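Please consider the model shown below together with its sequence. The paragraphs that follow lead through its sheets, backbone geometry, salt bridges and internal space.

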Amino acid sequence: MAEPTLTAAPGVTVKTDIVIIGAGQAGLSAAYHLQQRGLPPHRGFVLLDRSPGPGGAWQFRWPSLTLSTVNRLHDLPGLPFTQVVGPGVAEVLASDAVPRYFREYERTFRLPVYRPVSVRLVTEGALTPQGQRLRLETDRVAFSARGVINATGTWDAPFIPAYPGAASFRGAQLHTRDYRTPQAFVGRHVVIVGGGISAVQLLDEISQVTSVTWVTRTPPTFREGPFDEQAGRDAVALVEDRVRRGLPPRSVVSVTGLPVTPAIRAMRARGVLERRPMFSEITPDGVRWPDGTHQRADVILWCTGFLSALDHLAPLNLRGEQGGVVMTGRLSTQVQKDPRVHLVGYGPSASTIGANRAGRAAATELMEFLHLG
């Protein structure tokens, strides 16, 4: 099935009931459930995706990231991952396998995905007998919708904290999303900042080809033993509590800890997991701690995570006094200030299994709120 194309003339507004922004895991899950509940494609809902092809952020991940090194990729509803990619594919590149899976998913369910379309702003639209509509301004044409499911994730909003002296550093400052291969760092001392899963994965790879210094804001917590369903529910509940109170979301791994894998054990044996506390300033040729200790560096690699990509929603004034968006609804996907807007892949639904469940909840609750179907 060929991808749908936008044929509206410039200046024409395309009308639909619901627009899903983003065609990653959460967006595809929401689209599936809208369709299953009887909402027709195109007239009832569309997906707008800024990427050149299917795959969400996975298509941009570094080449060494395989399915064996990512957090578990949960099946999208209605089509098992192994049915598309095959069983026993642990060493297949994530940047190849996941886009292949998403492409087949879009084709199988004939989902109306328009790409590349970048949503620039979401504003108040026309007042109709059914209520106030939302207007979505894009780089192509404008859309008018009764409701929006935002599934933009975080990949387009990398976070690098401000530190004194950062502008003076003569080396390279990179973020996780800039990383490609460890060979690019051979012969250079790399300061790796961050205590999450990605930071540890890149620390493992880079430390095998050059010298490194690992720096984290707080001591990393390693989790021994299995992580059962109850532990997962407890972790998600902590993140969900924050967004229900309007606090900026934290990552799920910040409350689950880092699983001790064979790779972690090998890193311990090599002495790689000797972390240092956060430095206080950046110098032209390295970093300095409060006690005056200095580490020369050629590269600072910021594995400091991402923020939610919500700037296009700014005209709706969704954020509360505490800096986050107050969320409500069964799975905390509905924006309290504006029930026409759901955020999936935000806060507790940032994981792949959370995104699936959030997509279903958002589709169900938004259709009910808009009296569709």
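The model is predicted: local features need pLDDT of at least 70, side-chain atom pairs count only at pLDDT 80 or more, and totals for chains, interfaces and linings use all residues. Residues are numbered from 1 along each chain as its sequence is written, and side-chain values use heavy atoms, with hydrogens and water left out.

The sheets come first. Strands of a sheet pair through backbone hydrogen bonds, either parallel or antiparallel. Strands (E, at least two residues) and helices (H or I, at least four) are DSSP runs, numbered from the N terminus, and two strands are taken to pair if DSSP finds at least two bridges between them. An open sheet of 5 strands has the order 9-18-10-11-14, with parallel pairing. Its edges are formed by strand 9 and strand 14 (275-277); each has a single partner strand, so one side of each is left without a neighbour in the sheet. Neighbouring strands of this sheet are turned by 25° against each other on average, direction ignored; the axes behind such angles are lines fitted to C-alpha atoms, for helices over the stretch in contact, and angles run from 0 to 180 degrees between N-to-C directions. Within the sheet, strand 10 and strand 11 (residues 212-216) run parallel and are joined by 4 bridges. One bridge pairs V190 with V212 in strand 11.

An open sheet of 4 strands follows the order 1-7-6-5, and here the pairing is mixed. Strand 1 (13-15) and strand 5 stand at the edges with a single partner strand each, so one side of each has no neighbour in the sheet. From one strand to the next, the twist averages 25°. Strand 1 and strand 7 (residues 142-145) run parallel, with 3 bridges between them; K15 has S144 as its bridge partner in strand 7.

Some loops carry notable backbone geometry. R115 and P116 are joined by a cis peptide bond with omega of about -10°, and P116 is placed in the loop between strand 4 (113-114) and strand 5 (119-128). R110, although not a glycine, has a positive phi of about 50°; this residue is found in the loop between helix 3 (94-108) and strand 4. S332 is not a glycine either, yet has a positive phi of about 60°, and lies in the loop between strand 19 (327-328) and strand 20 (334-335). Are these two residues, R110 and S332, buried or exposed? Relative accessible area decides: buried means under 20%, exposed over 50%, and partly exposed in between (1.4 Å probe, protein chains only). R110 is exposed at 57%, whereas S332 is buried at 1%.

The charged side chains are considered next. Side chains of opposite charge can pair when their charged atoms come close. The structure holds 12 salt bridges, each defined as a side-chain nitrogen of Lys or Arg within 4 Å of a carboxyl oxygen of Asp or Glu. Among them is the pair R340 and D338, with an N to O distance of 2.7 Å. R340 counts as buried because its relative accessibility is 10%, and D338 is buried with a relative accessible area of 7%. In the salt bridge between E137 and R135, the closest N and O atoms are 3.8 Å apart; E137 is partly exposed at 31%, as is R135 at 33%.

D156 and R177 form a salt bridge whose closest N and O atoms are 3.9 Å apart. This pair links distant parts of the chain, 21 residues apart: D156 is in the loop between strand 8 (147-150) and strand 9 (172-175), and R177 is in the loop between strand 9 and strand 10 (190-193). D156 is partly exposed at 39%, and R177 is partly exposed at 30%. In addition, salt bridges link D49, E106 and R115 in a network; R115 also takes part in the cis peptide bond with P116.

Finally, there is the question of internal space: how many cavities of 30 Å³ or more does the structure hold? There is 1. A cavity is a set of points, on a 1 Å grid over the protein atoms alone, where a 1.4 Å probe fits but cannot get out, and lining residues have an atom within 4 Å of a point. The largest cavity has a volume of about 50 Å³, a volume being the space filled by probe spheres set on the points, with grid points joined across faces, edges and corners. Its lining includes N150, T152, S308, L310, L343 and Y346. The lining residues of the largest cavity divide into 5 nonpolar, 5 polar and no charged, where Ala, Val, Leu, Ile, Met, Phe, Trp, Tyr, Cys and Pro count as nonpolar, Asp, Glu, Lys and Arg as charged, and the others, Gly among them, as polar.

Methods. On a 1 Å grid over the protein atoms alone, a cavity is a set of points where a 1.4 Å probe fits but cannot get out, and a pocket is an open set with protein on both sides within 12 Å along at least five of seven lines; lining residues have an atom within 4 Å of a point.
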